Amino acid sequence: MKILVINAGSSSLKYQLFDMDGEKVLAKGLCERIGIDGHLKHTPLIEGKEVFDENVNLPTHAEAIAAVIEKLTSSKYGAVASMSEINAVGHRVVHGGEYFSSSVLITDEVLKAIEDCVPLAPLHNPANITGINACKKVMGENIPQVAVFDTAFHQTIPAKAFTYAIPKEYYEVDKIRRYGFHGTSHRYVASRAAAMLGKPVEELKLISCHMGNGSSICAIEYGKSVDTSMGFTPLVGLPMGTRCGDLDSGVIQYIMNKYGLNINEIINILNCKSGMLGVSGISSDFRDLDKSAEEGDKHAQLALDLFHYDVAKVVGSYAAAMNGVDAIIFTAGIGENSKDTRAEICKYFNYLGCELDRDANMARGKETYISTPDSKVKLLVIPTNEELVIARDTKENITK
Ligand code: ADP
């Protein structure tokens with residue numbers, strides 16, 4: 001069975017084609033600048049096939065999907081002989097609101113519910129819907145398509161953890177609550193952690209730290225998400241590359257009044273100019289910050305210090321919320337690659353009986369323990385693989 005996994009953004013579209021016999025990636029790629037001019041980088045992972053990396057005209061997502069299919073089926077760059085070999089498409093969909101607690105086969109009713117969630121994710125859900133419709137147009141009405149939601153895994157969070165302390169009508173009427181994101185990643189690393197620990201996930205208390213451009217932490221008790229640091233939007237929780245994370249809402253009013261900004265301008269500052277970039281004044285990228293901090297830049301060091309501190313605070317609060325923790329997982333760009341970030345964060349965990357193995361912590365981008373054999377709480381590095389989860393969920397939903 002071959003499954004195409006699509007992650008459609010407003011002007012980009014990432015894809016991977018999986019052969020589910022052996023769960024191999026046959027080809028992957030990225031369309032960029034859709035609706036502006038267009039660029040396609042297509043990488044087949046089959047011997048003898050060539051990489052395609054050129055500007056192509058991509059006025060809409062439908063042309064982007066058509067260009068992807070053309071490359072996937074070409075004799076020079078391709079991975080399949082014809083489009084009919086692709087059995088189904090799996091889509092990353094950012095927001096499923098309270099409608100979806102698992103992945104679903106896309107029907108007209110499902111598409112309507114995804115549309116109903118547009119106000120909750122105005123930048124993301126419209127792009128995901130465009131991607132679904134573009135596949136229908138290019139691959140035919142009958143191609144089975146499955147939606148895999150970033151929010152679904154967190155639908156098990158109890159009311160005491162998802163409720164904001166504002167007048168109850170805002171939840172009852174407007175569905176304002178903590179939703180959480182990165183659910184596909186947290187779910188995947190939790191299942192891998194269980195495999196590494198040799199125990200069913202239903203017997204474990206895990207804390208997953210997804211640290212990339214966007215970062216979130218998830219408390220996973222007996223296989224279920226019971227709390228997470230992102231909220232109604234992906235702006236809150238930890239400070240991130242360019243996002244502020246948790247912030248006293250009084251600051252918004254103060255800055256707006258003082259500098260005569262409107263709400264869109266201040267939200268743009270909090271989304272795009274804050275976080276690591278804002279505090280350091282240098283970069284949102286941890287590699288740049290590590291370098292500048294090593295060279296003695298105080299602001300870069302402060303940005304890093306506050307990130308480590310906030311991660312440690314959230315992990316501590318989740319250990320308290322679950323009344324214990326068996327393992328702490330590091331994943332995504334920073335979690336998988338930055339030994340220094342992991343080491344600094346783990347300095348806060350001695351009270352848990354957690355001991356970092358400095359040699360093991362040199363590892364990059366592979367599944368491994370980074371705690372000593374005697375460490376009471378285990379420390380794990382697990383590379384995330386959201387595309388594989390989407391492919392697996394798609395297979396499961398079309399063979400049900
Ligand atoms: P996204 O949230 O966009 O999926 P990623 O999970 O790919 O992001 O993470 C990207 C971030 O990972 C980069 O901005 C960078 O800060 C960080 N990163 C990647 N490699 C390293 C490294 N070797 N050392 C430190 N940070 C790294």
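The overall dimensions, the two sheets with their packed helices, and one pocket of a predicted model are described below.

The protein contains 14 helices and 14 strands. Along the principal axes, its C-alpha atoms occupy a box of roughly 60 × 55 × 45 Å. The radius of gyration is 22 Å, which agrees with the value near 21 Å that a compact globule of 400 residues would have.

One open sheet is built from 8 strands, arranged in the order S5-S4-S3-S2-S1-S6-S8-S7 with mixed pairing. Its edges are formed by strand S5 (52–55) and strand S7 (104–105); each has a single partner strand, so one side of each is left without a neighbour in the sheet. At one of these edges, S7 runs antiparallel to strand S8 (residues 145–149) and is joined to S8 by 2 bridges. Within this pairing, Val104 has Ala147 of S8 as its bridge partner.

Helix H1 (residues 61–72) packs on this sheet and touches strand S1 (2–8), strand S2 (13–19), strand S3 (24–32), strand S4 (39–44), S5 and strand S6 (86–93). The direction of H1 makes about 35° with that of S2. Helix H3 (residues 125–139), in turn, lies across S1, S6 and S8, and H3 runs at about 165° to S6.

Another open sheet comprises 6 strands in the order S11-S10-S9-S12-S14-S13, again with mixed pairing. Strand S11 (224–228) and strand S13 (368–369) are the edge strands, each pairing on one side only. Further inside the strand order, strand S9 (residues 205–211) and strand S10 (residues 215–221) run antiparallel and are connected by 7 bridges. Cys209 stands opposite Ile217 of S10. Helix H13 (residues 339–346) packs on this sheet, where its contacts include S9, strand S12 (327–331) and strand S14 (378–381). Between the directions of H13 and S12 the angle is about 150°.

Empty space in the model was also examined. The second largest pocket encloses about 390 Å³. It is lined by 13 residues, of which Leu235, Ser249, Ile252, Ile267 and Leu270 are the closest to its centre. Helix H8 (residues 263–272) supplies the largest share of this lining, with 4 residues. Classified by side-chain character, the lining of the second largest pocket consists of 8 nonpolar, 4 polar and 1 charged residues.

How values were computed: Residues numbered from 1 in each chain as written. Predicted model: local features only at pLDDT ≥ 70, side-chain atom pairs only at ≥ 80, totals over all residues. Heavy atoms only, no water. Pairing = 2+ DSSP bridges. Contact = heavy atoms within 4.5 Å. Axes fitted to C-alpha atoms, helices over the stretch in contact; angles between N-to-C directions. 1 Å grid on protein atoms, 1.4 Å probe; cavity = no way out; pocket = protein on both sides within 12 Å on 5 of 7 lines; lining within 4 Å. Points joined across faces, edges and corners; volume = space filled by probe spheres on them. Nonpolar A, V, L, I, M, F, W, Y, C, P; charged D, E, K, R; others polar. Rg over C-alpha atoms; globule rule 2.2 N^0.38 Å.
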